[in-house]
Amino acid sequence: MKTLLFVFLTTILYANSYTDLNNYKKNHPSIKVEEKNGDFILRFKDINRFNFDEFEKEYNVEFKFCIADGICIFSPLFNGNISATLLQMRKREDLLSVEIYKKYNMQSY
């Protein structure tokens, strides 16, 4: 009986904490902004035949740097809807993938 009461009380305490955490994540403005910010990371099928100038004008982005052969970072020049631009870029035939790139501060070992 004591064990059952302990489990019941523990469940109630954790349920309240989980609800508070979930509400905080939904309502905290910095988390919502973080989801939609970032640069675009593109993987090309053939980077040598890709027209960077045309791509920058069409999607209103600016080339930043390349990580490796065929993987480059572009930054948006607008404050609009990045998700819609991401979906348009993914429809292109000359790109393997398009994702939102976020710079992570990683330490080397």
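**Sheet, helices and aromatic cluster in a predicted fold**

Among contacts between residues at least 6 apart in sequence, 62% join residues at least 24 apart in the protein. The model is predicted, with a mean pLDDT of 78 for the protein and 78% of its residues at 70 or more. Confidence varies along the chain: among the elements, helix H2 (residues 29-36) has the lowest mean pLDDT, 51, and H3 has the highest, 92. Of the 109 residues in the protein, 22% are buried.

The secondary structure comprises four helices and four strands. Read from the N terminus, these elements follow the order α-α-β-α-β-β-α-β. The strands form an open sheet of four, arranged E2-E3-E1-E4 with antiparallel pairing. In general, strands of a sheet pair through backbone hydrogen bonds, in either a parallel or an antiparallel sense. E2 and E4 occupy the edges of this sheet; each has a single partner strand, so one side of each is left without a neighbour in the sheet. On average, and with direction ignored, neighbouring strands are turned by 25° against each other.

Within the sheet, E1 and E3 are joined in the antiparallel sense over four bridges. One residue pairing can be located by name: Ile41 has Ile73 in E3 as its bridge partner. Two helices then pack on the sheet. H3 touches E1, E2, E3 and E4, and its direction makes about 130° with that of E2. H4 likewise packs on the sheet and touches E1, E2, E3 and E4, while its direction makes about 165° with that of E4.

The nonpolar interior can be described next. The largest nonpolar core contains 16 residues, of which Phe40, Leu42, Phe44, Phe55 and Phe74 touch the most other members. Two or more residues of this core come from each of strand E1 (39-44), H3, E3, helix H4 (82-90) and strand E4 (95-101). For Leu42, when residues up to four places away in sequence are not counted, the contacts are Phe55, Gly70, Ile71, Cys72, Phe74, Leu95, Ser97 and Val98.

Aromatic residues deserve separate attention. A search of the whole structure finds nine aromatic pairs. In one of them, the ring centres of Phe55 and Phe74 are 5.2 Å apart and the planes meet at 65°; the pair is edge-to-face because planes over 60 degrees apart are classed in that way. This pair links distant parts of the chain, with Phe55 in helix H3 (residues 52-59) and Phe74 in strand E3 (residues 71-76), 19 residues apart. Both partners, Phe55 and Phe74, are buried.

Phe74 also forms an edge-to-face aromatic pair with Phe63, at 5.6 Å centre to centre and with 70° between the planes. Here too the pair links distant parts of the chain: Phe63 lies in strand E2 (residues 61-68) and Phe74 in strand E3, 11 residues apart. The two partners fall into separate accessibility classes. Phe74 has a relative accessible area of 0% and is therefore buried, whereas Phe63 counts as partly exposed at 34% relative accessibility. Phe55, Phe63 and Phe74 belong to one aromatic cluster that also includes Phe44, Phe50, Phe52 and Tyr59. Of these cluster members, Phe44, Phe55 and Phe74 have already appeared among the core residues that touch the most other members.

Two polar positions complete the account. Ser75 is placed in strand E3. Its relative accessible area is 11%, so Ser75 is buried. Leaving aside residues up to four places away in sequence, Ser75 touches Asp39, Val61, Glu62 and Lys64.

Asp94, by contrast, lies in the loop between H4 and E4. With a relative accessible area of 28%, Asp94 is partly exposed. Asp94 touches Phe44, Lys45 and Phe50, again not counting residues up to four places away in sequence. Two of these contacts, Phe44 and Phe50, are members of the aromatic cluster. The C-alpha atoms of Asp94 and Ile47 are separated by 8.8 Å, although the two residues are 47 residues apart along the chain.

Definitions and conventions:
Residues are numbered from 1 along each chain as its sequence is written. This is a predicted model: local features need pLDDT of at least 70, side-chain atom pairs count only at pLDDT 80 or more; totals for chains, interfaces and linings use all residues. Side-chain values use heavy atoms; hydrogens and water are left out. Rings of Phe, Tyr and Trp (its six-membered ring) pair if their centres lie within 6.5 Å; planes under 30 degrees apart count as stacked, over 60 as edge-to-face and the rest as tilted. Buried means under 20% relative accessible area, exposed over 50%, partly exposed in between (1.4 Å probe, protein chains only). pLDDT is the predictor's confidence in each residue, from 0 to 100. A nonpolar core is a set of buried Ala, Val, Leu, Ile, Met, Phe, Trp, Tyr and Cys residues joined through side-chain atoms within 4.5 Å. Contact means heavy atoms within 4.5 Å. Two strands pair if DSSP finds at least two bridges between them. Axes are lines fitted to C-alpha atoms, for helices over the stretch in contact, and angles run from 0 to 180 degrees between N-to-C directions.
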